[in-house]
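Hi,

Here is the structure I said I would pass on. Have a look at it first, and my notes on what turned up follow underneath.

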Amino acid sequence: MAIDQKFINQFASVTSKAAVASYKLVGKKDKIAADKAAVDSMRNELNKLNVDGKIVIGEGELDEAPMLYIGEKVGTNNGPEIDIAVDPLEGTNFAANNLPGALSVIAIAEKNNLFHAPETYMEKISTKVNEKGVVDLDYSTKENIFNLCEYLNKKPQSITACIMDRPRHKDIIDELNILGVKIKLITDGDVSGALLVTDDKYGVDIFLGIGGGPEGVLASAALDTFECSFQGRFLFHTEEDKRRANKMGITNLSKKYELDEIVKGDSIFCATGITSGDLVSGIITENNKFITETLVINFILTPNIFNSFIISLCLGLSITQAVIFSGFLFKYSDKLKIFSLTV
Ligand code: VTB
(Lines give C-alpha, C1' and ligand atoms only; values in the text may rest on other atoms or scores of the structure.)
Protein backbone atom coordinates (compact mmCIF):
# COMPACT_ATOMS: atom_id res chain seq x y z
CA MET A 1 0.00 0.00 0.00
CA ALA A 2 1.18 3.50 -0.77
CA ILE A 3 0.46 6.76 1.02
CA ASP A 4 -2.25 8.65 -0.85
CA GLN A 5 -0.82 11.80 -2.42
CA LYS A 6 -3.75 13.84 -1.11
CA PHE A 7 -2.04 13.74 2.29
CA ILE A 8 0.78 15.93 1.02
CA ASN A 9 -1.45 19.01 0.99
CA GLN A 10 -3.06 18.04 4.25
CA PHE A 11 0.20 17.63 6.16
CA ALA A 12 1.69 20.76 4.59
CA SER A 13 -1.36 22.56 5.91
CA VAL A 14 -0.84 21.07 9.40
CA THR A 15 2.74 22.38 9.64
CA SER A 16 1.71 25.71 8.08
CA LYS A 17 -0.95 26.28 10.71
CA ALA A 18 1.39 25.24 13.54
CA ALA A 19 4.00 27.62 12.14
CA VAL A 20 1.52 30.50 12.07
CA ALA A 21 0.45 29.78 15.65
CA SER A 22 4.05 29.93 16.78
CA TYR A 23 4.88 32.91 14.56
CA LYS A 24 2.53 35.06 16.65
CA LEU A 25 4.95 34.55 19.55
CA VAL A 26 8.18 35.09 17.64
CA GLY A 27 10.57 37.42 19.42
CA LYS A 28 8.62 37.39 22.67
CA LYS A 29 11.43 35.63 24.56
CA ASP A 30 9.08 32.85 25.64
CA LYS A 31 10.09 29.57 24.05
CA ILE A 32 7.64 27.53 26.10
CA ALA A 33 4.68 29.61 24.91
CA ALA A 34 5.89 29.52 21.30
CA ASP A 35 6.24 25.75 21.49
CA LYS A 36 2.85 25.28 23.16
CA ALA A 37 1.12 27.33 20.47
CA ALA A 38 2.63 25.12 17.76
CA VAL A 39 1.81 21.91 19.65
CA ASP A 40 -1.82 22.92 20.32
CA SER A 41 -2.39 23.84 16.69
CA MET A 42 -0.70 20.75 15.32
CA ARG A 43 -2.67 18.40 17.54
CA ASN A 44 -5.92 20.13 16.69
CA GLU A 45 -5.25 19.91 12.95
CA LEU A 46 -3.98 16.32 13.05
CA ASN A 47 -7.17 15.27 14.81
CA LYS A 48 -9.22 16.57 11.86
CA LEU A 49 -7.45 14.32 9.35
CA ASN A 50 -8.98 11.08 8.15
CA VAL A 51 -6.12 8.92 9.34
CA ASP A 52 -5.54 6.38 12.06
CA GLY A 53 -2.34 8.03 13.20
CA LYS A 54 0.09 7.25 15.98
CA ILE A 55 2.73 9.66 17.23
CA VAL A 56 6.06 7.80 17.24
CA ILE A 57 8.28 10.84 17.70
CA GLY A 58 6.67 13.56 19.74
CA GLU A 59 6.92 15.97 22.60
CA GLY A 60 8.08 13.27 25.01
CA GLU A 61 6.43 10.40 26.76
CA LEU A 62 2.99 10.37 28.38
CA ASP A 63 4.32 11.21 31.84
CA GLU A 64 6.08 14.35 30.61
CA ALA A 65 3.99 15.56 27.66
CA PRO A 66 0.26 16.11 27.87
CA MET A 67 0.00 16.48 24.08
CA LEU A 68 1.50 14.78 21.06
CA TYR A 69 3.26 12.34 23.35
CA ILE A 70 4.88 9.21 21.97
CA GLY A 71 2.12 6.63 21.52
CA GLU A 72 -0.73 9.18 21.30
CA LYS A 73 -3.35 8.36 18.71
CA VAL A 74 -4.37 11.19 16.37
CA GLY A 75 -6.79 11.58 13.48
CA THR A 76 -10.43 10.63 13.06
CA ASN A 77 -9.50 6.95 13.09
CA ASN A 78 -11.19 6.72 9.73
CA GLY A 79 -8.34 6.25 7.29
CA PRO A 80 -4.97 4.58 6.78
CA GLU A 81 -2.81 3.58 9.73
CA ILE A 82 0.24 5.81 9.76
CA ASP A 83 3.20 6.60 11.99
CA ILE A 84 3.79 10.28 12.61
CA ALA A 85 6.91 12.09 13.80
CA VAL A 86 6.44 15.68 14.90
CA ASP A 87 8.54 18.61 15.98
CA PRO A 88 5.90 21.36 16.09
CA LEU A 89 8.57 23.97 16.82
CA GLU A 90 12.11 22.99 15.87
CA GLY A 91 14.36 25.74 17.17
CA THR A 92 12.47 27.11 20.18
CA ASN A 93 15.34 29.54 20.84
CA PHE A 94 15.15 30.78 17.27
CA ALA A 95 11.45 31.57 17.64
CA ALA A 96 11.76 33.10 21.10
CA ASN A 97 14.59 35.37 19.96
CA ASN A 98 13.41 36.03 16.39
CA LEU A 99 16.46 34.36 14.91
CA PRO A 100 16.63 32.55 11.54
CA GLY A 101 15.78 28.88 11.23
CA ALA A 102 12.63 28.17 13.29
CA LEU A 103 10.55 25.46 11.62
CA SER A 104 7.46 23.39 12.17
CA VAL A 105 8.18 19.82 11.09
CA ILE A 106 6.28 16.61 10.50
CA ALA A 107 7.13 13.28 8.88
CA ILE A 108 4.82 10.38 8.18
CA ALA A 109 5.17 6.82 6.96
CA GLU A 110 2.91 3.80 6.93
CA LYS A 111 2.34 1.98 10.23
CA ASN A 112 5.53 0.46 11.69
CA ASN A 113 7.69 2.12 9.03
CA LEU A 114 9.06 4.95 11.12
CA PHE A 115 11.45 4.33 13.97
CA HIS A 116 9.90 4.67 17.43
CA ALA A 117 12.58 6.66 19.18
CA PRO A 118 12.89 7.69 22.79
CA GLU A 119 13.82 11.21 23.83
CA THR A 120 17.57 10.81 24.04
CA TYR A 121 20.61 12.09 22.24
CA MET A 122 21.82 10.61 19.00
CA GLU A 123 25.25 10.55 17.43
CA LYS A 124 24.71 11.39 13.75
CA ILE A 125 26.54 11.67 10.50
CA SER A 126 25.16 12.59 7.10
CA THR A 127 26.93 13.29 3.83
CA LYS A 128 26.14 13.98 0.22
CA VAL A 129 27.80 10.67 -0.67
CA ASN A 130 25.65 7.58 -0.77
CA GLU A 131 28.41 5.01 -0.89
CA LYS A 132 28.90 2.57 1.94
CA GLY A 133 32.17 2.78 3.79
CA VAL A 134 33.09 6.35 2.86
CA VAL A 135 31.97 7.86 6.13
CA ASP A 136 30.91 5.95 9.18
CA LEU A 137 30.10 6.68 12.81
CA ASP A 138 32.75 4.15 13.77
CA TYR A 139 35.53 6.03 11.99
CA SER A 140 37.49 8.88 13.52
CA THR A 141 36.77 12.43 12.33
CA LYS A 142 40.07 12.39 10.48
CA GLU A 143 39.28 9.14 8.67
CA ASN A 144 35.85 10.41 7.66
CA ILE A 145 37.24 13.65 6.27
CA PHE A 146 40.09 11.93 4.43
CA ASN A 147 37.72 9.35 2.92
CA LEU A 148 35.29 12.04 1.88
CA CYS A 149 38.08 14.11 0.33
CA GLU A 150 39.31 11.11 -1.61
CA TYR A 151 35.80 10.27 -2.81
CA LEU A 152 34.96 13.84 -3.81
CA ASN A 153 38.45 14.51 -5.09
CA LYS A 154 38.73 17.58 -2.89
CA LYS A 155 41.19 18.86 -0.34
CA PRO A 156 40.10 19.16 3.33
CA GLN A 157 40.29 22.94 2.89
CA SER A 158 37.49 22.72 0.31
CA ILE A 159 35.24 20.59 2.51
CA THR A 160 32.57 22.19 4.70
CA ALA A 161 31.35 20.40 7.81
CA CYS A 162 28.23 21.45 9.68
CA ILE A 163 28.12 20.82 13.42
CA MET A 164 26.22 22.17 16.41
CA ASP A 165 28.12 24.56 18.63
CA ARG A 166 28.28 22.51 21.81
CA PRO A 167 31.09 21.86 24.33
CA ARG A 168 30.58 18.11 23.73
CA HIS A 169 31.85 18.64 20.18
CA LYS A 170 35.15 20.23 21.21
CA ASP A 171 37.30 17.29 20.09
CA ILE A 172 35.58 17.01 16.71
CA ILE A 173 35.79 20.76 16.10
CA ASP A 174 39.48 20.82 17.13
CA GLU A 175 40.20 17.97 14.69
CA LEU A 176 38.30 19.71 11.88
CA ASN A 177 40.34 22.85 12.55
CA ILE A 178 43.61 20.94 12.45
CA LEU A 179 42.59 19.41 9.12
CA GLY A 180 41.69 22.83 7.75
CA VAL A 181 38.05 21.92 7.11
CA LYS A 182 35.62 24.84 6.82
CA ILE A 183 33.12 24.69 9.67
CA LYS A 184 29.52 25.81 9.61
CA LEU A 185 28.63 26.09 13.28
CA ILE A 186 24.93 26.07 14.10
CA THR A 187 23.53 27.01 17.48
CA ASP A 188 20.37 24.85 17.26
CA GLY A 189 18.22 23.18 14.65
CA ASP A 190 19.98 20.03 13.62
CA VAL A 191 17.06 18.77 11.52
CA SER A 192 18.00 21.43 8.96
CA GLY A 193 21.70 20.93 9.73
CA ALA A 194 21.54 17.31 8.62
CA LEU A 195 19.59 18.27 5.48
CA LEU A 196 22.20 20.77 4.29
CA VAL A 197 24.06 17.94 2.58
CA THR A 198 21.16 17.34 0.20
CA ASP A 199 21.96 20.11 -2.25
CA ASP A 200 25.18 21.74 -3.38
CA LYS A 201 23.52 25.13 -3.02
CA TYR A 202 23.86 24.83 0.77
CA GLY A 203 27.61 24.27 0.46
CA VAL A 204 27.80 21.56 3.13
CA ASP A 205 29.56 18.25 2.48
CA ILE A 206 29.15 16.57 5.83
CA PHE A 207 27.04 17.01 8.95
CA LEU A 208 28.16 15.38 12.17
CA GLY A 209 27.89 15.42 15.95
CA ILE A 210 25.45 14.67 18.73
CA GLY A 211 21.94 16.09 18.71
CA GLY A 212 18.42 15.06 19.57
CA GLY A 213 17.36 11.52 18.63
CA PRO A 214 13.89 12.64 17.52
CA GLU A 215 15.48 15.25 15.24
CA GLY A 216 17.63 12.46 13.78
CA VAL A 217 14.56 10.41 12.87
CA LEU A 218 12.85 13.45 11.33
CA ALA A 219 15.92 14.28 9.25
CA SER A 220 16.12 10.66 8.11
CA ALA A 221 12.58 10.80 6.75
CA ALA A 222 13.73 13.61 4.46
CA LEU A 223 17.20 12.29 3.66
CA ASP A 224 15.76 8.97 2.54
CA THR A 225 14.71 10.61 -0.72
CA PHE A 226 18.13 11.87 -1.66
CA GLU A 227 21.27 10.11 -2.72
CA CYS A 228 22.79 10.86 0.67
CA SER A 229 23.96 8.80 3.58
CA PHE A 230 22.89 8.98 7.21
CA GLN A 231 23.78 6.95 10.25
CA GLY A 232 22.52 7.44 13.77
CA ARG A 233 23.32 5.87 17.12
CA PHE A 234 21.22 6.61 20.20
CA LEU A 235 23.06 7.49 23.37
CA PHE A 236 21.44 6.18 26.51
CA HIS A 237 23.21 7.82 29.42
CA THR A 238 20.96 7.11 32.39
CA GLU A 239 19.32 3.95 33.69
CA GLU A 240 15.98 5.65 33.05
CA ASP A 241 16.96 6.20 29.37
CA LYS A 242 17.87 2.53 29.10
CA ARG A 243 14.63 1.42 30.70
CA ARG A 244 12.60 3.54 28.30
CA ALA A 245 14.54 2.20 25.33
CA ASN A 246 13.90 -1.38 26.42
CA LYS A 247 10.23 -0.58 26.84
CA MET A 248 10.18 0.59 23.22
CA GLY A 249 11.70 -2.66 22.08
CA ILE A 250 15.29 -1.45 21.62
CA THR A 251 17.47 -4.26 22.95
CA ASN A 252 20.83 -3.43 21.41
CA LEU A 253 21.49 -0.04 22.98
CA SER A 254 24.66 0.69 21.03
CA LYS A 255 23.30 -0.18 17.60
CA LYS A 256 24.23 2.02 14.66
CA TYR A 257 21.17 2.64 12.50
CA GLU A 258 21.26 3.12 8.74
CA LEU A 259 18.65 5.20 6.93
CA ASP A 260 16.65 2.19 5.77
CA GLU A 261 16.33 0.99 9.35
CA ILE A 262 14.91 4.32 10.52
CA VAL A 263 12.40 4.91 7.74
CA LYS A 264 10.88 2.40 5.35
CA GLY A 265 8.50 2.65 2.40
CA ASP A 266 6.68 5.80 1.34
CA SER A 267 7.16 8.89 3.44
CA ILE A 268 6.16 12.52 3.49
CA PHE A 269 8.25 15.18 5.18
CA CYS A 270 6.97 18.75 5.61
CA ALA A 271 8.89 21.65 7.14
CA THR A 272 7.27 25.09 7.24
CA GLY A 273 9.46 28.08 7.94
CA ILE A 274 8.52 30.30 10.87
CA THR A 275 11.56 32.54 10.64
CA SER A 276 13.63 32.40 7.43
CA GLY A 277 16.45 29.89 7.40
CA ASP A 278 18.62 27.83 5.07
CA LEU A 279 15.82 25.53 3.94
CA VAL A 280 12.74 27.72 3.69
CA SER A 281 11.63 31.31 4.06
CA GLY A 282 9.78 32.45 7.12
CA ILE A 283 6.20 33.63 7.35
CA ILE A 284 5.16 36.83 5.60
CA THR A 285 2.06 38.75 6.61
CA GLU A 286 -0.11 40.50 4.05
CA ASN A 287 -3.56 42.00 4.67
CA ASN A 288 -3.94 40.06 7.91
CA LYS A 289 -3.12 36.82 6.11
CA PHE A 290 -0.07 34.67 6.72
CA ILE A 291 1.87 33.36 3.76
CA THR A 292 3.86 30.28 4.64
CA GLU A 293 6.53 28.38 2.76
CA THR A 294 6.79 24.63 3.24
CA LEU A 295 9.46 22.28 2.03
CA VAL A 296 7.76 19.01 1.12
CA ILE A 297 9.83 15.94 0.50
CA ASN A 298 7.95 12.92 -0.71
CA PHE A 299 9.45 9.50 -1.09
CA ILE A 300 7.32 7.20 -3.21
CA LEU A 301 8.08 3.61 -3.85
CA THR A 302 7.10 2.75 -7.36
CA PRO A 303 4.17 0.34 -7.06
CA ASN A 304 5.32 -1.91 -9.88
CA ILE A 305 8.81 -2.87 -8.85
CA PHE A 306 7.91 -6.49 -9.47
CA ASN A 307 6.70 -5.65 -12.98
CA SER A 308 9.87 -3.69 -13.71
CA PHE A 309 11.90 -6.68 -12.63
CA ILE A 310 9.95 -9.05 -14.91
CA ILE A 311 10.07 -6.59 -17.83
CA SER A 312 13.82 -6.21 -17.36
CA LEU A 313 14.22 -9.99 -17.55
CA CYS A 314 12.01 -10.12 -20.67
CA LEU A 315 14.19 -7.42 -22.23
CA GLY A 316 17.08 -9.80 -21.87
CA LEU A 317 18.82 -8.23 -18.89
CA SER A 318 20.61 -10.56 -16.53
CA ILE A 319 19.15 -11.07 -13.07
CA THR A 320 21.75 -8.73 -11.60
CA GLN A 321 21.01 -6.03 -14.18
CA ALA A 322 17.27 -6.46 -13.63
CA VAL A 323 17.72 -6.06 -9.87
CA ILE A 324 19.77 -2.90 -10.40
CA PHE A 325 17.27 -1.49 -12.91
CA SER A 326 14.21 -2.15 -10.75
CA GLY A 327 16.15 -0.95 -7.72
CA PHE A 328 16.67 2.32 -9.57
CA LEU A 329 12.94 2.66 -10.20
CA PHE A 330 12.28 1.60 -6.64
CA LYS A 331 14.30 4.56 -5.45
CA TYR A 332 12.34 6.93 -7.65
CA SER A 333 10.86 9.69 -5.64
CA ASP A 334 9.06 12.89 -6.17
CA LYS A 335 11.71 14.76 -4.29
CA LEU A 336 11.13 18.31 -3.48
CA LYS A 337 8.39 20.81 -3.63
CA ILE A 338 8.02 24.17 -2.05
CA PHE A 339 4.42 24.86 -1.12
CA SER A 340 3.14 28.31 -0.50
CA LEU A 341 -0.06 28.49 1.55
CA THR A 342 -2.12 31.37 2.82
CA VAL A 343 -3.54 30.79 6.29
C1 VTB B 1 19.07 19.64 18.72
C2 VTB B 1 18.38 20.73 17.91
C3 VTB B 1 17.33 21.46 18.65
O4 VTB B 1 18.23 20.71 20.71
O5 VTB B 1 18.61 18.39 18.51
C6 VTB B 1 19.34 20.03 20.15
O7 VTB B 1 17.86 20.24 16.71
C8 VTB B 1 19.83 18.92 21.03
O9 VTB B 1 19.88 19.26 22.36
O10 VTB B 1 16.94 22.60 17.88
P11 VTB B 1 20.95 20.25 23.10
O12 VTB B 1 20.43 21.65 22.92
O13 VTB B 1 20.91 19.79 24.53
O14 VTB B 1 22.27 20.09 22.46
C15 VTB B 1 17.85 21.87 20.03
O16 VTB B 1 18.98 22.70 19.86
C17 VTB B 1 16.79 22.62 20.82
O18 VTB B 1 15.66 21.84 20.99
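**What I found**

Asn112 sits in the loop between β4 and β5 (121–127). Before I go on with that residue, please keep in mind that this is a predicted model.

Back to the loop, then. Phi of Asn112 is near 65°, a positive value in a residue other than glycine. Most residues other than glycine have a negative phi. With 14 C-beta neighbours inside 10 Å, Asn112 counts as partly exposed. Lys29 also has a positive phi, near 60°, and is likewise not a glycine. You will find Lys29 in the loop between α1 and α2, and it counts as exposed because just 11 other C-beta atoms lie within 10 Å.

Now the overall picture. The protein has 11 helices and 14 strands. Of its 343 residues, 45% count as buried. Take the contacts between residues at least 6 apart in sequence: 70% of them join residues at least 24 apart.

On to the two helices on either side of Lys29. Helix α1 covers residues 6–23, and its 18 residues should span 26 Å at 1.5 Å a residue; the end C-alpha atoms are 26 Å apart, so the two figures agree. Is α1 enclosed or open to the outside? It is largely enclosed by the rest of the structure, because 15 of its 18 residues are buried.

Helix α2 (residues 31–46) passes the same kind of check: 16 residues at 1.5 Å each should span 22 Å, and its end C-alpha atoms are 22 Å apart, which agrees. Its buried residues include Ala34, Ala37, Ala38, Val39, Met42 and Leu46, and also Asp35, Arg43 and Glu45. What do the buried residues of α2 pack against? Their partners are α1, the strands β1 (52–57), β2 (73–74), β3 (81–90) and β4 (103–110), and helix α3 (92–96).

Then there is the nonpolar core. In soluble globular proteins, nonpolar side chains tend to be buried together. Here the largest nonpolar core has 90 residues, and Ala85, Ile106 and Ala221 touch the most other members. α1 gives the most to this core, with 10 residues. Both domains take part: the core draws at least three residues from each of domain 1 (6–114 + 267–298) and domain 2 (121–262).

Ile106 is a good place to start if you want to look around in there. Leaving aside neighbours within four places in sequence, Ile106 is in contact with Phe11, Val14, Thr15, Ile84, Ala85, Val86 and Cys270.

Phe269 is another one to click on. It lies in strand β11 (residues 267–273) and is buried, since 29 other C-beta atoms lie within 10 Å and 20 are enough to count. Not counting residues up to four places away in sequence, Phe269 touches Ala107, Ala221, Ala222 and Ile297. Phe269 and Asn298 are 29 residues apart in sequence, yet their C-alpha atoms are 6.3 Å apart.

Next, the ligand. Which residues are around it? They are Glu90, Gly91, Thr92, Arg166, Asp188, Gly189, Asp190, Val191, Gly211, Gly212 and Glu215. The elements that give two or more residues to this shell are α6 (190–195) and β8 (206–212). By class, the shell has one nonpolar, five polar and five charged residues. Like the core, the shell draws at least three residues from each of domain 1 (6–114 + 267–298) and domain 2 (121–262).

Two more loop residues to finish. Ile300 is in the loop between β13 (289–299) and α10 (305–314), and with 17 C-beta neighbours inside 10 Å it counts as partly exposed. Ile300 and Ile3 are 297 residues apart in sequence, but 8.1 Å apart in space, C-alpha to C-alpha.

Lys255 is in the loop between α8 (239–247) and β10 (257–258). Its 11 C-beta neighbours inside 10 Å are few enough for it to count as exposed. From Lys255 to Leu235 is 20 residues in sequence and 9.6 Å in space, C-alpha to C-alpha.

Cheers

Conventions
Residues are numbered from 1 along each chain as its sequence is written. This is a predicted model: local features need pLDDT of at least 70, side-chain atom pairs count only at pLDDT 80 or more; totals for chains, interfaces and linings use all residues. Helices (H or I, at least four residues) and strands (E, at least two) are DSSP runs, numbered from the N terminus. The expected span of a helix is 1.5 Å times one less than its number of residues. A residue is buried if 20 or more other C-beta atoms lie within 10 Å of its own, exposed if 12 or fewer, and partly exposed in between; C-beta atoms are placed from the backbone. A residue is near a molecule or strand if its C-beta atom, placed from the backbone, lies within 6 Å of it. Ala, Val, Leu, Ile, Met, Phe, Trp, Tyr, Cys and Pro count as nonpolar, Asp, Glu, Lys and Arg as charged, and the others, Gly among them, as polar. Domain bounds come from an automatic or database domain assignment. Two residues are in contact if their C-beta atoms, placed from the backbone, lie within 7 Å. A nonpolar core is a set of buried Ala, Val, Leu, Ile, Met, Phe, Trp, Tyr and Cys residues joined through C-beta atoms within 7 Å.
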